[in-house]
Amino acid sequence: MKRIAPCLFFLCSLFLQAQKEKTPKFYSFDGSYFYGTIMEHNRDIGHLITGHPTGVILSWNQKTYGLKEWERRYNYPDFGYSFTYQDMKNQYLGETYGLYAHFNFYFFKRNMMFRIGQGLAYNTNPYDQDRNYINNAFGSHLLSTTYLMGNYHKQDIIDGLGLQAGISVIHYSNADFKSPNNSTNTFTFNLGVNYLLDHEKHPEYVPKDEEGKYKEPVHYNFAVRSGVNSTGVVGSPQLPFLTIAAYADKVINRKSTLQGGAELIMSRSLEEFIAYKAVAFPQQNNDPDADAKRVGVFVGHKLTFNKMSLITQLGYYAYYPYKSYVEQVYNRIGLQREITKDWWASATVRSHGANAEAVEFSIGYRL
């Protein structure tokens, strides 16, 4: 998870707020206290690991009971919002406050719960060249954040009240929106309670039915992606980038869609980096006029939940004349939401291995 946190919160929020179901809704909330340690995923942050972070995770969940087909398909997951508070136990890292959208998935007769949450966080003490140059983990107050939680989860033990305990990993990064950005990953143990609101009114789960085979013809997508990022050099400016993509997709069942295509990437930050390297390291014979454009080819997969989808793609820069910036193999992960039958929007993170280059906001059209 080093330096990767797709800034996807706005799409999650759209998904959760745009639900217009006329079916009944059922809710729960839970709260956990955690105690953990910051993992030294990068030697550059070793001086910031001085204590054991503590904090709380508070969550509001909308339960599903199979009243919609997709709920049965995914074993009746929950979706909702989370709030986190974390004391980093280091004067230079300060404290963080996070707001997330999340999904809960259940296993082993619903006794085990896995949660993934994605959102935004506010850090109280980021890097400042005069007041806090020691903090090389966070370059800005605003961070993207991801947390994963695996819990033993027992509901409705007594009058709607239950218990939960397990582990979680909380990641903070700004995906090179502003340098420095070495990020942090906190491994924690958590213990808490959960409560079903109006527990006596919650229904039984609708039994799963056997779904027939489902497929669609090949569709063609056109997308424009944009945002801002920096070169990774402390003090470098935040500059825009533009990506134009075209790809085909093939639905293979109600959950999965395969993708393949190409894209043109134009980055002002890469232009800035080429100029910087030519001036700062003349002995390396860097060409200040090198072409900053890249052409990538990629394959991917879309996992669909109702109108929301998880996007994962793996790409290779087929045209990449300046090879001293990032690796030629890249990956993309993020969330996509269907706006209409033809139009969609997404927020994704494009990375090279574990090194995030940019958060991308996209609009696309599907033929």
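This report describes the confidence, the strand barrels and the aromatic contacts of a predicted model.

## Confidence of the model

The structure is a prediction, with a mean pLDDT of 89 for the protein. Of its residues, 94% reach a pLDDT of 70 or more.

Two stretches fall below 50. Residues 1–11 have a pLDDT below 50, and the model gives this stretch 69 contacts beyond near neighbours in sequence. For residues 17–21 the pLDDT also stays under 50; here the model has seven contacts beyond four places in sequence.

## The β1 to β8 barrel

Eight strands form a closed barrel in the order β1-β2-β3-β4-β5-β6-β7-β8, and the pairing is antiparallel. Neighbouring strands of this sheet are turned against each other by 25° on average, with direction ignored.

Within this barrel, strand β7 covers residues 161–173 and strand β8 covers residues 184–196. The two strands are joined by 12 bridges in the antiparallel sense. Ile-170 stands opposite Thr-186, which belongs to β8.

## The β9 to β16 barrel

A closed barrel of eight strands is also formed by β9-β10-β11-β12-β13-β14-β15-β16, again with antiparallel pairing. From one strand to the next, the twist averages 25°.

Strand β10 (residues 239–251) pairs with strand β11 (residues 256–267) over 11 bridges, in the antiparallel sense. One bridge partner can be named: Val-251 is matched with Thr-257 in β11.

Strands of a sheet pair through backbone hydrogen bonds, in either a parallel or an antiparallel arrangement.

## Aromatic pairs

The structure contains 23 aromatic pairs. One of them is formed by Phe-26 and Tyr-65, whose rings meet edge-to-face, 5.5 Å centre to centre and with 85° between the planes. This pair links distant parts of the chain, as its members are 39 residues apart. Phe-26 lies in strand β1 (residues 26–38), while Tyr-65 lies in the loop between β2 (54–63) and α2 (69–73). Both Phe-26 and Tyr-65 are buried.

Ring pairs also build a cluster, made up of Trp-70, Tyr-74, Phe-79, Phe-103, Phe-105 and Phe-305.

## Charges over rings

Tyr-74, a member of that cluster, also has a charged side chain over its ring: the charged end of Lys-255 sits 4.8 Å from the ring centre.

Another such contact involves Arg-350, which lies over the face of Phe-241 at 5.8 Å from the ring centre. Phe-241 falls within the residue range of strand β10 (residues 239–251).

Terms used. Residues are numbered from 1 along each chain as its sequence is written. This is a predicted model: local features need pLDDT of at least 70, side-chain atom pairs count only at pLDDT 80 or more; totals for chains, interfaces and linings use all residues. Side-chain values use heavy atoms; hydrogens and water are left out. Rings of Phe, Tyr and Trp (its six-membered ring) pair if their centres lie within 6.5 Å; planes under 30 degrees apart count as stacked, over 60 as edge-to-face and the rest as tilted. Helices (H or I, at least four residues) and strands (E, at least two) are DSSP runs, numbered from the N terminus. Buried means under 20% relative accessible area, exposed over 50%, partly exposed in between (1.4 Å probe, protein chains only). A charge sits over a ring if NZ of Lys or CZ of Arg is within 6 Å of the ring centre and within 35 degrees of the ring normal. Two strands pair if DSSP finds at least two bridges between them. Axes are lines fitted to C-alpha atoms, for helices over the stretch in contact, and angles run from 0 to 180 degrees between N-to-C directions. pLDDT is the predictor's confidence in each residue, from 0 to 100. Contact means heavy atoms within 4.5 Å.
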